[in-house]
Amino acid sequence: MEETASELPVTETFRIDRPSFDPATGEARFPYRLNDLAFTEVLTLPRGAGTAAAGSPAFAKLLGLTALVLGVSYFKLRAPLDITAPDIPLTAAERAFVIDVYENGLGEFYARNELTRFGKLTLTAPDDAEERKPALDLPDRTLLPIGGGKDSLVSVDLLTHTGVDFTPFAVNPKGPILSSVEAIGTPPLYVTRVLDPEMIRLGKEAGYYNGHVPSTAINSMIAALCALLYGYSQIVLSNERSASEGNVMFDGRETNHQYSKSLGFELLIADTLANATGGALKYFSLLRPYSEARIASLFTHSDKFDAVFSSCNRNFRLTGNDGPLWCGECPKCHFVFLIFAPFMAKDRLLRIFGKNLLDEPANEQSFRELAGLTGQKPWECVGEILEAAACFYTLTRHADWHEARIVSAIKPDLFAQYGEEKLQLAMAECLTDSRDHHIPPALAAKVAAYAV
Ligand SMILES: CC(=O)N[C@H]1[C@@H](OP(=O)(O)OP(=O)(O)OC[C@H]2O[C@@H](n3ccc(=O)[nH]c3=O)[C@H](O)[C@@H]2O)O[C@H](CO)[C@@H](O)[C@@H]1O[C@H](C)C(=O)N[C@@H](C)C(=O)N[C@@H](CCC(=O)O)C(=O)O
Ligand SMILES: Nc1ncnc2c1ncn2[C@@H]1O[C@H](COP(=O)(O)OP(=O)(O)OP(=O)(O)O)[C@@H](O)[C@H]1O
């Protein structure tokens with residue numbers, strides 16, 4: 001559906017109503033209205049939440065903010081300019097946070113649907129003048145969201161070896177999330193999330209838009225509700241530094257498929273959660289210092305999860321996955337194979353993927369896109385272009401890989417485009433940890449000492 005400026009939906013409105021939570025059933029309900037359509041999203045949290053925590057002003061605040069963030073799935077059907085939340089008071093900083101979710105969090109959605117929304121959205125909600133709420137008392141415990149792929153499992157290893165106990169957390173766990181948590185062996189905290197089926201149906205109909213939503217922002221707000229209810233003082237994400245690189249420029253801004261995994265968003269949500277809890281709830285990514293290549297090298301230290309993990313997103317569709325753990329066809333499978341290859345024994349890598357993805361000519365175009373030799377960076381959860389190019393460079397000099405079909409096929413263009421010196425420097429950079437992170441200093445020092 002194409003849209004011209006004169007057709008912008010100025011008379012349409014998206015309304016976010018007051019959400020509710022019943023501690024007896026663990027059910028949270030989030031009602032929305034898009035013009036004359038009504039939707040409800042439902043979360044089911046584990047029962048047994050303290051009623052005191054559920055009745056606190058801080059929980060009401062986080063429930064309201066969660067309603068705003070979860071709203072993106074319904075808003076995107078028409079993407080109107082006006083958003084209202086008549087019963088959810090917001091501070092100035094919270095407004096900026098919500099607008100960021102609806103602008104940059106939906107950046108890929110706008111770019112792919114050719115919708116210009118940056119700087120045009122209005123959010124009408126009552127004012128909350130109290131920017132910083134009173135301090136809550138939360139026990140010193142860690143909630144660790146698990147995605148079923150290599151990243152959060154590297155965090156499992158880092159926390160385990162630095163003596164930090166944690167509870168694995170997941171929203172709608174399935175496939176590799178369930179099997180990885182079983183291998184971790186620590187009782188998890190799981191939340192069931194049911195999107196309104198009418199929204200899913202309309203997303204496939206003419207007259208409605210569809211596209212990507214910022215899933216990490218959504219999962220993080222749900223984790224924050226659980227932190228308050230079940231008593232956790234920190235939520236530890238596993239977002240790599242490579243996630244901050246965008247895909248394309250659109251409507252005057254860089255759009256990023258992984259926006260809500262970026263450092264910029266981490267700072268915004270961390271501030272929002274801290275202000276809502278008087279500083280009691282911390283949020284940071286343990287893997288922010290690392291490139292994807294460095295994370296891959298850290299993953300090789302243990303083979304505990306080899307048979308159960310997968311980074312392939314086909315596993316995480318709402319309806320599940322009836323194919324193999326690694327499809328071997330998508331850009332994410334290709335990227336993960338590429339970054340493991342320099343660091344992992346070849347037979348182990350082939351066992352994990354079930355085949356050699358660098359020997360299949362059909363994959364060449366996809367690998368070229370990952371390394372920036374053609375097209376654009378794929379709309380997928382993949383690392384930086386230069387990082388992929390640097391990994392390819394390493395493989396051109398690697399006894400096990402230099403003769404692989406795709407490595408030999410792209411070598412001339414790789415060298416011509418980047419030059420050897422730039423590729424060598426890029427690899428060195430990938431393996432150098434960044435100090436641009438927000439891990440509490442004592443933990444950062446312990447992790448740095450372990451992750452040599
Ligand atoms: C699993 C997956 O990657 N799904 C993306 C895919 O959706 P698809 O239609 O193939 O399957 P479903 O996920 O089952 O979605 C069905 C419809 O429901 C809509 N929907 C889904 C979840 C939601 O929270 N809200 C929704 O409205 C969805 O739009 C479908 O119409 O393609 C979609 C369009 O590009 C993507 O939006 C789906 O991505 C999921 C929301 C998802 O969870 N993806 C994560 C694996 C992901 O991409 N993570 C990124 C981080 C993104 C971020 O900013 O945090 C990453 O790991 O880098
Ligand atoms: N279903 C989920 N429930 C809760 N948190 C999730 C879920 N899926 C992903 N996450 C969180 O978001 C982070 C980013 O997801 P992502 O898919 O990039 O990571 P991963 O699965 O750990 O590793 P990989 O990048 O190899 O897939 C995860 O590390 C995890 O912290």
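Which element gives the most residues to the shell around ligand 1? Helix α9 does, with three residues. This report describes a predicted model, in which local features need pLDDT of at least 70, side-chain atom pairs count only at pLDDT 80 or more, and totals for chains, interfaces and linings use all residues. Residues are numbered from 1 along each chain as its sequence is written, while chains are lettered from A and ligands numbered from 1 in the order in which they are written.

**Overall architecture**

The protein contains 18 helices and 13 strands; helices (H or I, at least four residues) and strands (E, at least two) are DSSP runs, numbered from the N terminus. Its radius of gyration, taken over C-alpha atoms, is 22 Å, close to the 22 Å that the globule rule gives for 452 residues, so the protein is as compact as a globular protein of that length. The globule rule is 2.2 Å times the number of residues to the power 0.38. Along the principal axes, the C-alpha atoms fill a box of roughly 65 × 55 × 40 Å.

Of the 452 residues, 45% are buried; a residue is buried if 20 or more other C-beta atoms, placed from the backbone, lie within 10 Å of its own, exposed if 12 or fewer, and partly exposed in between. Two residues are in contact if their C-beta atoms, placed from the backbone, lie within 7 Å. Among contacts between residues at least 6 apart in sequence, 75% join residues at least 24 apart.

**Domains**

An automatic or database assignment supplies the domain bounds, and the protein is divided into domain 1 (5–285) and domain 2 (323–430). The C-alpha centres of the two domains lie 32 Å apart. Their contact takes 10 residues from domain 1 and 10 residues from domain 2. On the side of domain 1 that touches domain 2 there are two nonpolar, five polar and three charged residues.

UniProt, in an unreviewed entry, places "domain: MurL N-terminal" at residues 11–286 and "domain: MurL C-terminal" at residues 308–416. These positions are given in the numbering used here, with feature names shortened, and annotations may be inferred rather than shown by experiment. Residues 11–286 are 36% helix and 21% strand, with end C-alpha atoms 44 Å apart. Residues 308–416 are 45% helix and 0% strand, and the end C-alpha atoms of this span lie 39 Å apart.

**Ligand shells**

A residue is near a molecule if its C-beta atom, placed from the backbone, lies within 6 Å of it. Ala, Val, Leu, Ile, Met, Phe, Trp, Tyr, Cys and Pro count as nonpolar, Asp, Glu, Lys and Arg as charged, and the others, Gly among them, as polar.

| Shell | Residues and closest members | Classes |
|---|---|---|
| Ligand 1 | 22 residues; S73, T216, S260, L318, C381 | nine nonpolar, 11 polar, two charged |
| Ligand 2 | 20 residues; P145, G147, G149, S238, S311 | seven nonpolar, 10 polar, three charged |

**Buried sites**

Eight of the eight residues of helix α11 (residues 292–299) are buried, so the helix is largely enclosed by the rest of the structure. Among the elements covering the buried residues of α11 are α6, α12 (331–340), α15 (385–396) and α17 (420–430).

G71 lies in the loop between α2 (57–70) and α3 (72–75). With 26 C-beta neighbours inside 10 Å, G71 counts as buried. Leaving aside neighbours within four places in sequence, G71 is in contact with F14, I16 and Y32.
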